[in-house]
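Reader: I have a chain in front of me and would like a close look at one part of it. Could you start with the whole and then work your way in?

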Amino acid sequence: MVVMGGIIGAGIFINPAVVARQVHTPALIVGVWVFGGCIALAGAFIYAELAARLPLVGGDYAYLREAYHPLLAFLNGWALLLVMQSGGMAAVAVTFAHYFAELAPLAISERVIAAAAIAFLTVINCLGVRAGSTLQSALMITKIVIIAALVLCGWLLVRSPGAPSPHLLDRPISFDLFSAVGAAMVPVLFAYGGWQTANFIAGEVREPRKNLPRGLLIGVCGVIVLYLSVALVCVRALGPAQLAATSTPVSQVMRMALGQRGAALIAFGIAVSTLGFLSQNILTAPRVYFAMAQDGLFFRSVAWVSPRTRVPIVAISLQGALAAVMALSGGYEQILNYVTSVDWIFFALGASCLFVLRHRESRRLRGASSISAPAQDSGSFRVPGHPFTTIFFIASCAFVVCSTIFKYPLNSAIGLAILLAGVPVYFLWRRFQPASVLSL
């Protein structure tokens, strides 16, 4: 539930239309969702092995710290707090507010509703892991049921507007085609992103070396099935042109299937889905800031754990506050573009840690004269097809980052500038920390 909840937010309900504005044949529209699923599955394999090797609190933060240098780990936490996690939560909260306003018209700004939703979920997660995970599971099951209803209604009750296009491509093979596919991959991979957040809570999972890899692979495969089903239904029911013309594709499909009741049902489903995504992010991401504070790379108070609820309340509150501020100040697509470029830089860096950790393991085993062959841990997980699958994932990340920067240079520059600003902050922080803190 944590893995799927960290992936399924607002993207699958909105982004099929965003994709259709970039590529214009059914084969290309569905194809980019298939390709995105392959990339997500490759990422899940990699993060499953990283979780088995280093079942530590913090996910990417811990991997970058152990494989490379505390600077890269700090930049990951810095970007997570100021761009990736807070920005992603803000974008999804804005979507929640839009659909909530459709269900319950109030004389309140949608941005205020978005901030209020984040505040409510922050309070719930401060009550303890059990409270947060119970809410997460309930929301996740509800959104799966509603997505299944969308797929069944769209497939059985809506007629296709015409024969599908016989053409696979909408233009000749050229730089323009690759540029369009790259731009289409931005919203797809934003929708698929989030599987790695389950690794943030590795230190709080029972038997993480076994359960985290299992949860990652089952969760990501489940999301791929749901996403491809929704993309196929949207293309079949609306056709590429009509899909590109709408900003609410799943609402239009359900309105065609069940009238206004269908539109209200899917609005409720999207509201639940976005709440589930926000709840999962508030449950997982603060564990990174907690780990940073324990390492002396953030305010020590952020590492404080409530003796009653056993959760890092200060870290959770900090994450909620920043996400709420972003929700009050920006819109969905603007936030999406500057989040994606930074997000996938760290996906690539996190995946590259696997090469470093495997190399160290190999060197350690070669140097141990008492070991004639590498020991196999019965609870370990190994990426199938490594290094080829890992290289494929890293290359895909680089493609996404370059495509985002090329297509949305201004918004990407905002995210990258915030990331680079973390370098002097790291050195200033290290300089003014007491030696006793830095030695922890």
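How many Å apart are the mean positions of the positive and negative charges of the chain? After that, please take me closely through helix α12.

Author: Happy to. This is a predicted model, in which local features need pLDDT of at least 70 and side-chain atom pairs count only at pLDDT 80 or more, while totals for chains, interfaces and linings use all residues. Residues are numbered from 1 along each chain as its sequence is written, and side-chain values use heavy atoms, with hydrogens and water left out.

To your question: the mean positions of the 28 positive and 14 negative charges are 4 Å apart. Lys and Arg count as positive and Asp and Glu as negative, with His and the chain ends not counted; each charge is placed at NZ of Lys, CZ of Arg, CG of Asp or CD of Glu.

Now the whole chain. It has 17 helices and zero strands (DSSP runs numbered from the N terminus: helices are H or I of at least four residues, strands E of at least two). Its radius of gyration, taken over C-alpha atoms, is 22 Å, close to the 22 Å that the globule rule gives for 440 residues, so the chain is as compact as a globular protein of that length; the rule is 2.2 Å times the number of residues to the power 0.38. The C-alpha trace spans about 70 × 50 × 40 Å along its principal axes. Of the 440 residues, 57% are buried (under 20% relative accessible area; exposed is over 50%, partly exposed in between, with a 1.4 Å probe and protein chains only). Contacts (heavy atoms within 4.5 Å) also reach along the sequence: among those between residues at least 6 apart, 83% join residues at least 24 apart.

That brings us to α12, which covers residues 286-294. Eight of its nine residues are buried, leaving the helix mostly covered. The buried ones are Pro286, Arg287, Val288, Tyr289, Phe290, Ala291, Met292 and Ala293, and they pack against α4, α5 (70-103), α7 (129-157), α11 (260-284) and α13.

One residue on that list deserves a pause: Arg287 has a relative accessible area of 2%. Beyond its neighbours within four places in sequence, Arg287 is in contact with Val57, Gly58, Val129, Phe200, Ile201, Glu204, Ile282, Val311, Pro312 and Ile316.

Follow the chain out of the helix and you reach Asp295, whose side chain meets that of Arg65 in a salt bridge at 2.6 Å, N to O (a side-chain nitrogen of Lys or Arg within 4 Å of a carboxyl oxygen of Asp or Glu). This pair links distant parts of the chain, with Asp295 in the loop between α12 and α13 (313-329) and Arg65 in helix α4 (residues 60-67), 230 residues apart. Asp295 counts as buried because its relative accessible area is 18%, whereas Arg65, at 22%, is partly exposed.

Next comes Gly296, just after α12, with a positive phi of about 80 degrees. Further along, Arg310 sits in the loop between α12 and α13, and its phi is near 60 degrees, a positive value in a residue other than glycine. Most residues other than glycine have a negative phi. At 55% relative accessibility, Arg310 counts as exposed.

Two of the helices that pack against α12, namely α11 and α13, lead on to a neighbouring spot. Ile118 belongs to helix α6 (residues 110-126) and is buried, with a relative accessible area of 0%. Apart from neighbours within four places in sequence, its contacts include Leu278, Ile282, Gly320 and Ala323. Ile282 is also among the contacts of Arg287.

Finally, the Asp295 pair can be set beside the other ionic pairs. The whole structure holds seven salt bridges. Glu49 forms one with Arg53, the closest N and O atoms being 2.8 Å apart; the two are four residues apart in helix α3 (residues 26-53), so they are separated by about one helical turn. The side chains of Arg53 and Glu361 also meet in a salt bridge, at 3.1 Å from N to O. Since Glu361 lies in helix α14 (residues 332-367) and Arg53 in helix α3, that pair ties together parts 308 residues apart in sequence. Glu361 and Arg53 are both buried, and Glu49 is buried as well.
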